[in-house]
Each structure stands twice: as structure tokens, then as C-alpha cells.
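Colleague: Got a few minutes to walk me through this one? I'd like to go interface by interface and then into the sheets.

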Amino acid sequence: MSSVKIELRKDQIEKIHETCEQFGNSEGELINILHRVQGTFGYLPAEVQEVIAEKLNIPVARVYGVVTFYSYFTMTPKGEFPISICTGTACYVRGAEKVLGEFKKELQIEVGETTADGKFSLSCLRCVGACGLAPVVLVGDKTYGRVAPDDVKEIIGEYQS
Amino acid sequence: MNEMSEDQVKSIPRKKQIRIALRNCGVIDPERIEEYIEKDGYFSLGRILTELSPEETIRIVKESGLRGRGGAGFPTGLKWEFALKNKSDQKYVVCNADEGDPGAFMDRSILEGDPHSVLEAMAICGYAIGADTGYIYIRAEYPLAIERLKTAITQAREYGFLGKAIFGTKFNFDIFLKYGAGAFVCGEETALIHSMEGRRGEPSLKPPFPAESGYLGKPTNVNNVETFANIPVIFQKGPEWFRGIGTDKSKGTKVFALAGKVNNVGLIEVPMGTTIREVIFEIGGGIREGKKFKAVQTGGPSGGCLTEKHLDTPIDYENLIACGSMMGSGGMIVMDEDDCMVSVARFFLDFTVEESCGKCAPCRIGNKRLYELLDRICKGKGEMEDLDRLKNLSIVIKDTSLCGLGQSSPNPVLSTMDNFYDEYISHVVDKKCPSGVCRDLLEYFIVEENCVGCTACARACPVGAISGERKEPHVINPEICIKCGACMEKCKFDAVILR
Amino acid sequence: MKMVNITLDGNHIEVPAGTTIYESAKQVHIDIPALCYMDLKDLNIRNRPGGCRICVVEVEGRRNLAPSCSTAVEEGMVVKTNSVRVINARRTVMELILSDHPKDCLTCAKSGQCDLQQMAIRLGIRDIPGQEYAEMSTYRLDTSPSIIRELDKCIMCRRCETMCNDFQTVGALHAINRGFYAVVAPAFEMNLEHSPCTYCGQCVAVCPTGALTEVDHTGKVIAALNDPAKTVVVQTAPAVRAALGEEFGMKPGTLVTGKMVTALRHLGFNYVFDTDFAADLTIMEEGTEFLGRLTRFLDGDTEVQMPILTSCCPGWVNFFEHHFPELKDIPSTARSPQQMFGSVAKSYFAEKIGVERKDMVVVSIMPCLAKKYECQREEFMVDGVPDVDISISTRELAHLIKQANLDLVEMTDGDFDLPLGESTGAGVIFGTTGGVIEAATRTAYEIYTGKTLEKIDFEQLRGMDGLRSATVDFGGQEIRIGIAHGLGNARKLLEEIKSGKSQYHAIEIMACPGGCIGGGGQPLHHGDASILQARAKAIYEEDRNKKIRKSHENPFIQQLYADYLGEPFSEKAHALLHTHYFDRRKRVFQI
């Protein structure tokens, strides 16, 4: 389990409760709720899952089972600028792996990690549906197409100031 | 990014293409329902509600010959009929928009470019099977598509195309969104339904089929985006028209996401029966940089590689299966002489291993073992008996897995083994990768004629594997070399090569 | 019933429509192997995820192989269960499962009882190709007071998940992760100890491998027996005698009470006593509490908590402490028989024989894993020393007997020692669902009405339905009784109480299917529900064989009160025989 323990503030708990209520406290809406709450908190720490479970009256083990099933959900906070490299087939064929390698080298982190200063995190995702621009890199919501390993430094530079 | 996918649709030569599912993409403003209506939008729904019975509606879908565009090609009309025949106080229509196939993005383009066609089709389906609620299960990774859908749903409600007493009839129907969360297996309909219910997206045994017991245990009809996008046109132009396009058993068109080493990449929509050659060389403009065509992977991780000998095969459901691949959702990745087919198989298995839900043993463990075997082979550790194991494991995983994911995951292995066995042999026996992709099987080598003795490579080498006098050709000691590639990067004379 | 005709391995058979291929095959004595499938018929417990794929068969005209456990027969179906294709597939899948399973069978706690091991033997697996370079999924070892989770050995059959969620509604365990790393675990992969686990042990009872086992205390028992300074006292729970024989190849339902006593004596226990004695004692206390509450209730006291709930099942106690702490004042405050025994043994009996408390070791033989946790509860300790020092399961006792080279089958019958070995038929039936409330009824009726029961057997309280209700006539006063076994069924009764809709005066709850006879510490039933039925039958048989069948007539109970406790619910009885409950809900950050 996550090593960092946080105690949620009252207003944070209320915010989660509110979200659950918006979805009728329905256990069938669990995934929609997790999406919304992750949108608010940036990630889904154990304490947050616990509050959701309690509100929906379902075992927290089940919430955790769902969170760990879907790759979109994360229990670790992402960097200020999350970098995602598409490793879909089209991007793979057009050299996404080399681009990924370059990011790892430049940031000195592995996939799933965040830089020590909390600025960048690195993840892979499967096909953002922009295969025509392969290989594709996302920084936050911004998309970079036809990225070559040589472009990596420049992309990171954009966010370093 | 917004315009990008539309741009991808437009940029490709239109010859040989027929637009049905993509008819409005890039043509109308997807955020204005009026433009959809101008193109006879919601006309089919209105006519059906006021003139046709559910049975007649389904008969027309059956007559059109439309088959599911998301996977195995099950006849759509028949599927609707099953859902109609299962009596229940509550039924559901579900649109599968969890496009998880890496290298396919037609659903996204349709949802972004023509959301109303899907909404209209879902309402038609609702009327046909007796459902008053529809859900679109959409990837959370598609924020623009989600926004466009929300806008479209709001507009459709305002115009009375969704909601109560649609077109003044007794028919009520509304549509809501459910978000996927990054699980390829949720493309399988039972897994998708479990995910919609807020559970792990694990598939369950069929029967019962969703048409009998689906979402919340109620009869549910699941079709994917592209399938739905075909529906309104079929009613506008008639089933005969639709049936007139395509081959004997596969009617209409299919959208493909053409990607990889072709000159024109993007979405294309061609009549069923178009040959692969036409797609790659006429529409796709041939292979990039004048390289040699090697293979095309269709059907994504569930499909297989087609080669030179399949180029003149007309594309339809049956033919692709006969070639050891499948239609899938329509990804089409073109590969050239620089692609190593063993690595490609490993790439797909890496994907499957990550996306397997873990419920059944053959998929959970078997695919992992397939990956490990392929990895060994790519690293030069493979033995001949590994090839036999690959084959047997692949056959057993296909034969015993619970759902479509596991039943098709070994296809990339089997089809590359069938078509490129010599490449496997090269890796295993000669310990060579003919395409120069598998790093462990390559060595860096300095071509004497090109080397001017500038010493840049020797200085760059982190392990001191390069020796040679200034202004004399240098040599790499393969015993010491760690294959980092620094020398090749530094050399300005193309003297360092991989072989 | 509609019948269909099928051909199975060349046999033409007629079976009811809807039957699975797996069940149909049994008709012609074809036993299709299966790993994840489990169907405890009658008890409404079914696990059928279709996940192991061992039971696949070939169905003519079908593209791929069909899982026989979940494929229904159809008219004209032609099935092959042993074709080359099927056998190759089954063996390959088995090799795959084993390739991700540790190979320490010789020292595994489940060795000899492991379904996976049996399957490997049955399929003749001799080699696992490619094992040298096959990665194995590994997880952290988790040891709780009762249960050990060694998930490296999990084969994802999901039986434990089904028991914990569908049957028990405890929700401590759930499938987590995806693909190769998917496994069943508590939330956040935290220790079971920190989860809402009740230690009912039903996950252990159905686990086909060594992934879930009990904490083994046999070593501690041996050490105590070999310590000359200790007086070692043993108590045996009622359900143990109806199941222990199975571990020695005896037919399910064989009573081995006397043989067990002899074996325990051979093992070196100084006093061989019976938890049934403490069960009689429980009836005295719980029955008195019930009658007290009932009288107040009937007199119109609105403060009084009704219904009263039994409290002898520690899994059930853990359940309401975790899941319904707001109802913690409703169950009887009477300690469980195990704990009453420990308390009495280390006070009354120790004084009687002149042994100091610190020199006495109380061992309990239980059909239960939650008892291991119960005896470690702080409220059952005096100056940090527990009333019951060591609790071992029926299975662990069998191991002890085997280690001591004793042949239980051939053993002569022995008698329990006195005074704590004397019990009535009422004490015996604690071992099965409905038994506690029947025992309580026998005593409460006579005390309430002042009349002697004409018929001791209350058939209306017996049976295997998960949720039962019955009424008993207390001389014109109708007493409504609810009975639940399985915590999912208990939950329904608790929800009723919570919403103020409960119509019962008294409710008996047992966590395990069938009550203690189906406890998590019993010999494994391997999915055969008829074994539980046989054990229940044996329990009632033992009851009928007893000379005294009502707890309050047990002369040694009467003597205990006369010499030591005074009367039921006295101050002393309260201190020694009663307890209180806690709210055990915890937040993650508090762990």
C-alpha cells in the first residue's frame, strides 16, 4: 500500500461526499465517481478510496480492486507537468520507444515516476487516436506530434522556466 | 489537436473510398445540430417512429446485411432481434466507444466529427428493441469527443430527438455517458457491462448473452460507434443500396486507420472487398521513403500480419480470418523491410500481457509465457524447441481462453510464424535479426573505407571498446562493446554501422 | 422437466435441459477435472468464474473448447472430454498454472490436501517446460492471528473472494491488479489484521492450494506438553468429534468422541475436558440474560434491547464489531464457550486442584480459526496472560495425533475427565446451526414455564436453510426465533433490527455454513456439501445418546454454581463469564 499516509481534511471529505451524492451514492457509478474525484485530487490515495467506499456502502477492497484494474486511475500524485508517451502500434512502429528512452534519460526517472522536484512525471499510454502524428507525446493536455528523440530536450525546456 | 483528426480524414485521396460512417466528418460542424439536420439528420428516426414497427425496423437492418464493425462481425439486425425477443420491463442500448485498439481511432473521429449520427442510431435501436435508456461507454482519454457528445446530447434533447414522447409518439429515449478508465478488455461486451456497473472490467461467461442479461441484469444491446454510424444512412437510402456495396457476405464499407510506414496516414473508408493493395498503394500512396513493403497488421493485437501474398485479397470479415488475421476495429499498421516481425509479435504480446484482465489462467499466464519466449528469441537466447512451445501455447491459449481477448491474443504470434518463419529461424539459429532491430543480436561495426580516424567515436565510447590510431581506421572490440550506440551517434562519416 | 439427448465420450445420455456438461458427465461416471469450480448445493454457495479452464471439453461444431462447468447441454450435443486436443489443452493450461506456482510442496501446509497437487498427480505432470526463465508473480506474506496469506500460491480460482463477499458479505478480500499480477487481497494489500476480516476462515476452508492456511500452533502445544512445570488442560469443541475422523479416512459423520479423548490423553494432556461443559454454562448465563430481557420486554419496558443475539461465534462477534458497531449492545454479553471454559479452568478448577494460574496452560481444539484470534483478545486476559493459551483447529489436532504415531481409528473409547468434562446433549448441539438456540430453548422453556418439556427435540429449529425462523410456545407466550448461518444471512437479520423491523425475540447466528461443523478449521470438504450434512447428523446423534439433554440439569454445572459462582448473572459470573464489545471500524491513516 502507499507508504505516505494522509489524513483528509473535513472539507476534502465533504467534497468527496458531494461528488458521491451527485451520482446518487450509487455503487454502479463508482467509476464515474473515481474519475471525478481523481480530477479533484490529482490521484486516488487510500484515504480517499476509503471515504468513497463508506459513502457508497461497499467494501473498500472492492474500490481498491477497481482502482488497480484500470490504468487510468493512479494512487501516486503525478508531476506538475505529466508527460505521456503514446506507445500504441503506430507510434511504436515510428520509434516511440526511442523517444521514451530519451525522456527517461533527460529526466532521470522511469515510467510511473515523478522527478524529485515534483515537476515532471512520466507515463506511457495506449493510443490517443492521433496515429497520423506518430509518435505522439502529451504534456498535460498539449500534444506534440512526430516527435523525434532530438526534440525531447526542447519539449522539456518549454516547461522548465 | 482538435482539428487534427479531421485533418487526418481529409488529407487522403478520396478515390476508391466511399464515405458512409464518415459521411459527415469534416463536412458539418459537429457542434451544431442544425447542420446535421440539414444532412437529413434525425429524418430516419422520425420516419421509423411514425411509420415502422420495431419488427419492421429490425427487418430493414437485417436486410442491409450490416455486421458489427468492432470485432467479429456479428450480424447487427440479428443482435437487435435477440434483444427485442427478450421480454423485460427495462432494456438498454449501449454504444461501445472504448476504442482501445492501439492504432485505431475511427470511433473517436466519428464521435468528434458526427456525434448526432450515433445518437440517432442509438434512439433507433432503442425503439427497435424496446429500450428507453442508452449509454455511451467512452474512453476518458477522449476529452474532445466527450465534450462534443455532451453538446450533442443537450441539443438533441432541446430539439426533442431525445427525451419524452419523441416526434410526438409514445417513445421515450435518453442517452447518458459512462466513462472507461483504460482497460482494453472492456471492448469485450460482458467486460464493458461490468465496467458500466462500477466493477472490474472482467468478462464473464456467455451465455447468458447481454441480449438476455446485460447491464444490471436487463436485456442489453451493445454495438460499437462505427456500427451505429451506419444505421441512419441505411434508413435514408434503403437496405438495398447498402447491400449493393461490398462483398457477398460483408456489406457496406469499413473504416480503417491507416498508419505506419505508408505515405498517407489517417482514416479511410472503403467498400468491403477493396484489396489490401488498393488500400496501401493507391490510397495510402505506397511505402514511405521508397522502402519495400513487408507486412500489414490488421485487427490490432487480436489480428495478424498480412504479407505480399495477401495483397490482392479483397478485404472482408471472412477473408481476413482465412488469412490468419481479423477485421477487428480497423487498425491497419503498415510495416516495411526495417521492421522485425519477431519484435512486432513481442510488441503485441507486451500489450496483451498488460491488458489481460487476469481472470482466466491461459490468458493471464499463457500470454506472459508467450511474451517471455519471444523476448528470449529477440535477445538471441531462443532455441528451436522454443518455437514448438510458442506454437503449442498459442494454439492452446486460443482454444481455452475465456473471452475474445485471450482467444485472439496469440494471432500476432501465429501469423508472423506462418508468414515469417525464416525470421524466427534467423533469430534462433543464426542469432541474427535480419531487419536490424533486435539490439542484442546486432553488433556495432566500423566500415574501414568510411572511417577517417577522427577518434570521435573512441572518445565517446564509455567503456573503451574502440581502438585505433588517429587518422587510421578504428575498430570496435565486440567483447567489450555494450551496444550503447554512442559511437554511431558521434560519427559524422556514417562509418559506424549496425550489422 | 424437458430432457435433452447428448453424446458424451460415446455414451448416449438423456439429461434435464439446462444441466451443465460437467454435471451430465457424472451420470456416466465421467469425472471431468476442475479447479476453480465449487458448488456447495443446498447451501447456495457457488463459485463458477470459468477461470481455471481445466474443465474444458470438445463440443462438436464449436470453434474453441468449452468450459464444462458452465456450458449447458443442448439437444444433440456431441462432447468429448478426453480427446487428444482436450488432453493437450488441459495439460498445457495446468503447466501454465504450475509455472506460476511455488514448488515447495513437500513443506507446504496444504501438502496432501491440495487440490492443485492432486490435479498435477491426476494429469501426470512431470515437467514444466521453460520454468527456468518463467517469471513468477510474488506477493508479500501476511500473517494474522488466525490466517496466513501466501499469495504466491494463489491460482485465482476466486473461491475465497466468493466466500468473503457473496456468502459472508464481509468484503475483506477482493481481486486486485490486472493480468499476470492479479490476485485476491485486502484493500491496499494491507494486512488481513487491518481489514474488516472476521477470521471466519471460510476462505481457508475453500482455498484449493496453500495460499490461505491457518496459523499453526501445534508446535506451541508440543512445547507446553513437554514443560514439566505446566499443567496442560485441553477442551474440545462439539463439532470436532463429528469431523476429526475424516482426517483418518473415516466416513464423514463418524463420531469419534471417545477415540479423541483417548488420543488426547496419549498426547499427554493432564486433563481432557469438554467445551460442551462450557456450552452448558453458556446456556445458564445466556438463557438467564434472555429471560431477563424477555420478561422486561413483555412487561412493557421500552429500554430493553430486543431481540437478543447469541454471542458464542467469534467470527460473528468480529462481524458486528466491524460492520454493525452501532448494534453492539444487542448481542448477549455471555462469553463464548471457549472463553467461559478458559476462565473457569484457570480460576475455579485451578484453585480446586491447587495449581497456580501461571502454571496452567489451556489448549482448545476448535473447528474454527476465529477462536485463535478470540483467545488473544485483551479482555480475555488476566495480567496479560490469556484464559485460553492456545487454540488449534481440528486439522491441527489431526496433525498432532499423526505425529505422535497414534492410530485414531483403532483407538479405544475414553471418557472426559471431571468436573469440566461432563456435558449434556444441549452442549453438544452447539456444533451445528440452530443448536445453540435449541439448547437455550430447552432450558429457558423449563425455567420460564416451570414445567418439564414433553419433547426435547425442537425440529422446527433444525435444518440447513441459511435463514430460518420458528416459533416456540412458552406456555401460551409465543417466542419468535430467528436463525442464520453465514454472515450474509446474518446481515439481513441485522438490517432488519437496524430498521426496527425485526420481529424476533431471539436470534442465533453462526458465521460458517452449517454452523461449527462447517467451520474454517474443520477437515476440508473439498466442495462436497454432503459432508456437512453428515456431520450435522452425527451431532444430533450424539445429543440423542446423552443421558442428560438439558444444560441446567448438568450436575457439575449445578455444583459449579453452588460451590463458586453463586447463581447465573451473579457478580462473580459477570466477572468471569461475560464480556463487552467494541467498535472496530478503522480508518486507513490510523493503521
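Modeller: Sure, and keep in mind that this is a predicted model. Let's begin where chain C meets chain A: 17 residues of chain C and 15 residues of chain A make up that contact.

Colleague: On the side of chain C that touches chain A, how many residues are nonpolar, polar and charged?

Modeller: That side is the one with the 17 residues from chain C. Sorted by class, they come out as ten nonpolar, four polar and three charged.

Colleague: And chain A against chain B: which helices of chain A each supply at least two residues of that side?

Modeller: Here 30 residues of chain A touch 37 residues of chain B. The chain A side divides into 17 nonpolar, ten polar and three charged residues. The helices with at least two residues each on that side are helix 2 (30-41), helix 4 (60-67) and helix 5 (89-93) of chain A.

Colleague: How far apart are the centres of domain 1 and domain 2 of chain A?

Modeller: Domain 1 of chain A covers 10-67 and domain 2 of chain A covers 81-158. Taken over C-alpha atoms, their centres are separated by 30 Å.

Colleague: Over to chain C. Which element gives the most to the side of domain 1 that touches domain 3?

Modeller: Chain C is split into domain 1 (3-82), domain 2 (111-210) and domain 3 (219-577). The C-alpha centres of domain 1 and domain 3 of chain C are 41 Å apart, yet eight residues of domain 1 of chain C do contact five residues of domain 3 of chain C. By class, the domain 1 side has four nonpolar, one polar and three charged residues. The top contributor to that side, with three residues, is strand 3 (residues 38-40) of chain C.

Colleague: What do the buried residues of helix 16 of chain C pack against?

Modeller: Helix 16 (residues 529-545) of chain C has 17 residues and reaches 25 Å from first C-alpha to last, close to the 24 Å expected. Its buried residues include C:Ile531, C:Leu532 and C:Tyr540, and also charged-type names such as C:Arg535 and C:Glu542. What they pack against is strand 3, helix 7 (257-267), helix 13 (425-428) and helix 14 (435-449) of chain C.

Colleague: There's a little sheet in chain C with strands 8, 9 and 12. Why is one side of strand 8 and of strand 12 left without a neighbour in the sheet?

Modeller: The sheet is open, antiparallel, and ordered 8-9-12. Strand 8 (142-143) and strand 12 (212-214) of chain C each have a single partner strand, so one side of each goes without a neighbour because they stand at the edges.

Colleague: And which residue is the bridge partner of C:Ile148 in strand 12 of chain C?

Modeller: Strand 9 (residues 147-149) of chain C pairs with strand 12 of chain C in the antiparallel sense, over three bridges. In strand 12 of chain C, C:Ile148 has as its bridge partner C:Thr213.

Colleague: Which residue of strand 19 of chain C is the bridge partner of C:Ile365?

Modeller: Strand 19 (residues 390-393) of chain C is covered on both faces, with C:Ile390 and C:Ile392 buried on one side and C:Ser391 and C:Ser393 buried on the other. It pairs in the parallel sense with strand 16 (residues 360-366) of chain C, over four bridges. The partner of C:Ile365 is C:Ile392.

Colleague: Now chain B as a whole. What radius of gyration does it have, and what would a compact globule have?

Modeller: Chain B holds 21 helices and 13 strands, and its C-alpha trace spans about 90 × 45 × 40 Å along the principal axes. Of its 499 residues, 60% count as buried, and 71% of the contacts with a separation of 6 or more link residues 24 or more positions apart. A compact globule with 499 residues would be near 23 Å, which agrees with the chain B value of 26 Å.

Colleague: Last one: in strand 9 of chain B, what is the bridge partner of B:Ala259?

Modeller: Strand 5 (residues 253-260) of chain B has eight of its eight residues buried. With strand 6 (residues 266-271) of chain B, strand 5 of chain B runs antiparallel over six bridges, and the two form a hairpin with five residues between them. Strand 5 of chain B also runs parallel to strand 9 (residues 331-336) of chain B, joined by four bridges. There, B:Ala259 has as its partner B:Ile333.

Note on methods:
Residues are numbered from 1 along each chain as its sequence is written. Chains are lettered from A and ligands numbered from 1 in the order in which they are written. This is a predicted model: local features need pLDDT of at least 70, side-chain atom pairs count only at pLDDT 80 or more; totals for chains, interfaces and linings use all residues. Two strands pair if DSSP finds at least two bridges between them. The radius of gyration is taken over C-alpha atoms; the globule rule is 2.2 Å times the number of residues to the power 0.38. A residue is buried if 20 or more other C-beta atoms lie within 10 Å of its own, exposed if 12 or fewer, and partly exposed in between; C-beta atoms are placed from the backbone. Two residues are in contact if their C-beta atoms, placed from the backbone, lie within 7 Å. Domain bounds come from an automatic or database domain assignment. The expected span of a helix is 1.5 Å times one less than its number of residues.
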